[in-house]
Amino acid sequence: MFLNMYIKELKEALRDRRTLLLSVFLPILLLTGLTLFYESMMATDEEETHTLAVDPSFTTDAKSLLKDFPQIDVQSFQNPTDAVQDGKAAAALQVSDKFMEQIKQGEQVTFSLSGDSYSQDSSFVLSQVESALTLFEKQIIQERLQSINVDTNMISPLKVDFKEAGIDSDNGASLSILSLFLPMIITMAISTGAYPLASDLFAGEKDRKTMEALLMTPVSRGKILLAKWLTISSIGALAGIVSILVVTLELMFLTEELKKGFHFGSDLWLILPTALLITILFSLFIGALQMSASIISKTVKESQNYLSPITMLGVLPVLFLGGTGLHELTTKHFLIPFFNIFALFKELLYGVIDYQNIVLTAGSLIVSIAIFFTVSRLLFLKDKWVLN
């Protein structure tokens, strides 16, 4: 009887176009947009150019100064600063007409660089111009030292060779994005996928006045609760797994920069089952948590007020763990629900397989599932919470 009820609830959920739209297709569309957005942030179009406004008298020297920066298009304006404010240029560079003579005489020359640091294009131009000026300054210093027969190493006694600790520098940026992007995808997809069904199977039953008829059937309340919980969790798991598959395919075939982070080697067949196991456990946890909120709700509208904050909990780890390095993760990060998903998937994406952390994450989710399912069962056994 329990299995029949579970299959019946699952079939009704899959037949409901609204459930499929909100639980599966809408998250996929949102995640596709996020994938392409992060790819556009990382991808650099080498053919795209940005305008740098300069005075007419400085145009030739500016082009010579920035000849090694092909993405900077130097254009002359009567008032370069106004050109930036009018949106005709991303940044402006100004200097006195006789700056080369001042440099030859050993005087200090001031370059005026202006732009909007809050604009992505303007910030790019500003950084490129600063790099060009730094190279120009080093060239001047070397020429001055050579003129007095002084070794240029005298002013550069140190050389720093920086290497990423345990991370492939070629894939570091992609891994950093994916370590935040993918866990957020999983948690948000599962939460939003289970959200409509969790609200409908309990608060919706009360609104439609069908809960009384359901309780009169020769099935115990415990089995009814279990069937509804597994239905909610199944739809959440379906949304999570489908989202992972879709985003993985998009990363492999629609992106160039983000897919550089996918290099698991022989550990792939161990990482995938682990990720699938944690995804299913998290779905069961979300199902139990959302079920508790729906049971105490008298109407669908009230349940939505409770379930919306639960759905948004998936964003919190991004705020708190966004700046946490792989080697800075501690035991507490694998014991707190939502945070442990981010911490564990961060390790898996970097190719780190720590069995202790996997057990801690799975154990934490299992304990949380038991707690919230027990709470839901206690509530469901009382007519005060089940009947309006």
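Q: How many of the residues of helix α13 are buried?
A: In this predicted model, helix α13 spans residues 339-349 and is mostly covered. Its buried residues include Phe339, Ile341, Phe345 and Leu349, and also Asn340, Lys346 and Glu347. The number of buried residues in the helix is 11 of 11.

Q: Which residue with a positive phi follows α13?
A: Beyond the end of α13 the chain comes to a glycine with a phi near 80°. That residue is Gly351.

Q: In which helix is the confidence lowest, and in which is it highest?
A: The protein as a whole averages a pLDDT of 84, and 88% of its residues score at least 70. Helix α2 (residues 17-42) has the lowest confidence, at a mean of 70. The highest value, 96, belongs to helix α14 (residues 355-380). The lowest is therefore in α2 and the highest in α14.

Q: What kind of aromatic pair do Phe99 and Phe111 form?
A: The whole structure contains 10 aromatic pairs. In the pair of Phe99 and Phe111, the ring centres are 5.7 Å apart and the planes meet at 70°. Planes over 60 degrees apart count as edge-to-face, so this pair is edge-to-face.

Q: Where do Phe99 and Phe111 lie in the chain, and how many residues apart are they?
A: Phe99 is in helix α5 (residues 99-104), whereas Phe111 is in the loop between α5 and β4 (112-115). Phe99 is buried because its relative accessibility is 3%; Phe111, at 23%, counts as partly exposed. Their pair links distant parts of the chain, and the separation is 12 residues.

Q: What is the angle between the ring planes of Phe282 and Phe285?
A: Phe282 and Phe285 both belong to helix α10, 3 residues apart, about one turn of the helix. Residues three or four places apart point the same way because an α-helix has 3.6 residues a turn. Both Phe282 and Phe285 are buried. Their rings form a tilted pair with centres 5.9 Å apart, and the angle between the planes is 50°.

Q: Which residues are joined by ring pairs into a cluster with Phe282?
A: Ring pairs connect four phenylalanines, Phe282 among them, into a cluster. The others in this cluster are Phe285, Phe338 and Phe372.

Q: Which residue of helix α1 meets Lys228 in a salt bridge?
A: The structure holds 6 salt bridges. In one of them, a side chain meets that of Lys228 at 3.3 Å, N to O. Lys228 lies in helix α9 and its partner in helix α1 (residues 2-15), 219 residues apart, and both are buried. The partner is Glu9.

Q: Why does the salt bridge of Glu205 and Lys228 tie together separate parts of the sequence?
A: The side chains of Glu205 and Lys228 meet at 3.2 Å, N to O. Glu205 is in helix α7 (residues 172-207) and Lys228 is in helix α9, so the pair ties together parts of the sequence. Glu205 counts as buried at 9% relative accessibility, and Lys228 does so at 0%. The two parts are 23 residues apart.

Q: Which residues are linked in the network of salt bridges?
A: Lys228 has salt bridges to Glu9 and to Glu205. Asp200 and Arg208 meet in another, at 2.8 Å, N to O, and Arg208 is partly exposed at 44% relative accessibility. The network consists of Glu9, Asp200, Glu205, Arg208 and Lys228.

Q: Over the face of which residue does Lys228 lie?
A: Besides its salt bridges with Glu9 and Glu205, Lys228 has a contact with an aromatic ring. The distance to the ring centre is 5.6 Å. The ring is that of Phe202.

Q: Which helix gives the largest share of the nonpolar patch?
A: Leu36, Leu249, Met252, Phe253 and Leu254 make a nonpolar surface patch of about 540 Å². Leu249 counts as exposed at 52% relative accessibility. The largest share, 4 residues, comes from residues 221-254, which form helix α9.

Q: How many Å separate the C-alpha atoms of Glu256 and Glu39?
A: Glu256 is in the loop between α9 and α10 (268-295), and is exposed with a relative accessible area of 51%. Along the chain, Glu256 and Glu39 are 217 residues apart. Their C-alpha atoms are separated by 7.6 Å.

Key:
Residues numbered from 1 in each chain as written. Heavy atoms only, no water. Patch = residues over 30% accessible without salt bridge, like charges linked within 9 Å, V, L, I, M, F, W, Y side chains within 5 Å. Areas by Shrake-Rupley, 256 points an atom, 1.4 Å probe, with all protein chains shown as cover. Salt bridge = Lys/Arg side-chain N within 4 Å of Asp/Glu carboxyl O. Buried < 20%, exposed > 50% of the residue type's maximum accessible area, 1.4 Å probe, protein only. pLDDT = per-residue confidence, 0-100. Phe/Tyr/Trp six-rings, centres within 6.5 Å; stacked < 30°, edge-to-face > 60°. Lys NZ or Arg CZ within 6 Å of the ring centre and 35° of its normal.
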